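Q: I'd like to learn how to read a few features off a model like this one. Can we go through them one at a time?

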Amino acid sequence: MNIWSLIGEFFETSGVAGFFQNGGWMNLIMILVGVFFLVLALVFKFEPYLLIPISFGIILTNIPGAHIFAKEAITDAEGTIVDYQYSGLLGYLYYGVKYEIYPCLIFLGIGATTDFGPLISNKKTMLLGAAAQIGIFAAFFLAIALGFNGYEAASIGIIGGADGPTAILVSSKMLNASGGASLNLLAPIALAAYSYMALVPVIFPPIIKLFTTKKERKIKMEQLREVSKREKILFPIIVTLIVALIVPGATPLIGCLMLGNLIKESGLVPNLVHTVANALLYICTIALGLSVGATAQGAAFLTVETLKIFALGIGAFILAGISGLLGGKLMCVLTKGKVNPMIGIAGVSAVPMAARVVQREGQKEDPSNFLLMHAMGPNVAGVIGSAIAAGILMAIFL
């Protein structure tokens, strides 16, 4: 065997050769997609905490021959696929998505970093968080009309909630219920959810200007009352009981969110708060991002359905913003101009980006107008609302 034969054999086992075999060009395209999302995260700072691991997961899973994420069908006696088992480094990490561990632990961390004070102080803003969830169900019915089955439509619709962990949880639940048939939708749904969340500062300002007048955008709201510690401690307990009893499917998300908030507001366990809000939250974020990115393999991702998901996702996201904004306008009328309608668009679950957009747009019209804390009420209500909407969808299909 001469040196050229050895070089030839080595090249045939390399990842580069894999790009020229069995649809390997699709893997190359997906690596470029991963690099594109990496640029969005690193250069434009679009959701870097999650887009960086997702992007890297996409790159790693599409390296030919790396076998870092593999799935194998499990069939019954009749040969019908009943589930999938996963192997490889990212395949083992993916079990945290499959069994809904990462999204719930991330909600635990979010709860430990969230202040529900603005919502407790102005409880009627809870309605704006509910209004913004209309986009979820509008996209759900549109997806049904375009030929997606119920499991897939529910997963697509939840993108309108602008809540990445919730979208991933619902998608993984629907994936398990459908016997793994919808695995190919998990990556585009997750990427769509986080991409549109990151684009809140770009998407929402034109919507605000289209649906509100200059006079409405200048409305100043009364200062929020101070919320007592007792109220802050009772709030997560009461919300958990009410939501869990009405929509049991939302219990994992709401339970973790409110538990995180309760340990924060109790003031008794600072070490738990620090661990949950920092180490645990970011460890799970990395694992979740890599796992979701791993499902974006070329042959599965590059389909017409993926384009439909991104189109329906942006539609759901815009509809959610508009419905929240219209709810704000209605509340403005009912309170005789005491509510700035812009805070309604913060009813989506993109915390705190949506609230910051409202603050910035308000100060463009009047630099002395401070709307951030008022917008945080519907913003955190949107987190609760998206979890409830997810629970409703899961109650229907699971």
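Q: Let's start with one residue: is N379 buried or exposed?
A: Keep in mind that this is a predicted model. Buried means under 20% relative accessible area. N379 has a value of 0%, so it is buried.

Q: Where is N379 found, and what is it in contact with, leaving aside its neighbours within four places in sequence?
A: N379 sits in helix α21, which covers residues 372-397. Once those sequence neighbours are set aside, its contacts are A346, V348, S349, A350, V351, P352, M353, A354 and A355.

Q: On to pockets. What volume does the largest pocket have, and which residues lie nearest its centre?
A: The volume comes to about 890 Å³. Of the 30 lining residues, E47, Y49, I110, V351 and P352 are nearest the centre. Two of these names came up a moment ago: V351 and P352 are also among the contacts of N379.

Q: Which elements give two or more residues to the lining of the largest pocket?
A: Those are α4 (48-61), α6 (101-113), α11 (164-177), α12 (183-198), α17 (270-294), α20 (353-365) and α21. As for character, the lining splits into 19 nonpolar, 6 polar and 5 charged residues.

Q: And what does the lining of the second largest pocket look like, by residue class?
A: There you get 17 nonpolar, 3 polar and 2 charged residues. The volume of the second largest pocket is about 470 Å³, and M126, F235, V239, V243 and I384 lie nearest its centre.

Q: Which element gives the most to the lining of the second largest pocket?
A: That's α15, with 8 residues. Helices α7 (117-121), α8 (126-131), α15 (229-246) and α21 each supply at least two.

Q: How many aromatic pairs does the structure hold, and how do I read one?
A: It holds 12. A pair of aromatic rings is described by how far apart the centres are and by the angle of the planes. Take F116 and F235: their ring centres are 5.2 Å apart and the planes are at 40 degrees, so this pair counts as tilted.

Q: Why does the F116 and F235 pair tie together parts that are apart in sequence?
A: F116 is in the loop between α6 and α7 while F235 is in helix α15, so the pair links parts 119 residues apart in sequence. Both rings belong to buried residues: F116 has a relative accessible area of 2% and F235 one of 14%.

Q: Which residues do ring pairs link into a cluster?
A: F69, Y86, Y94, Y95 and Y99. Look at Y99 as well for a charge: K98 lies over its face, 5.7 Å from the ring centre.

Methods:
Residues numbered from 1 in each chain as written. Predicted model: local features only at pLDDT ≥ 70, side-chain atom pairs only at ≥ 80, totals over all residues. Heavy atoms only, no water. Helix = DSSP H or I, 4+ residues; strand = E, 2+ residues; numbered from the N terminus. Buried < 20%, exposed > 50% of the residue type's maximum accessible area, 1.4 Å probe, protein only. Contact = heavy atoms within 4.5 Å. 1 Å grid on protein atoms, 1.4 Å probe; cavity = no way out; pocket = protein on both sides within 12 Å on 5 of 7 lines; lining within 4 Å. Points joined across faces, edges and corners; volume = space filled by probe spheres on them. Nonpolar A, V, L, I, M, F, W, Y, C, P; charged D, E, K, R; others polar. Phe/Tyr/Trp six-rings, centres within 6.5 Å; stacked < 30°, edge-to-face > 60°. Lys NZ or Arg CZ within 6 Å of the ring centre and 35° of its normal.
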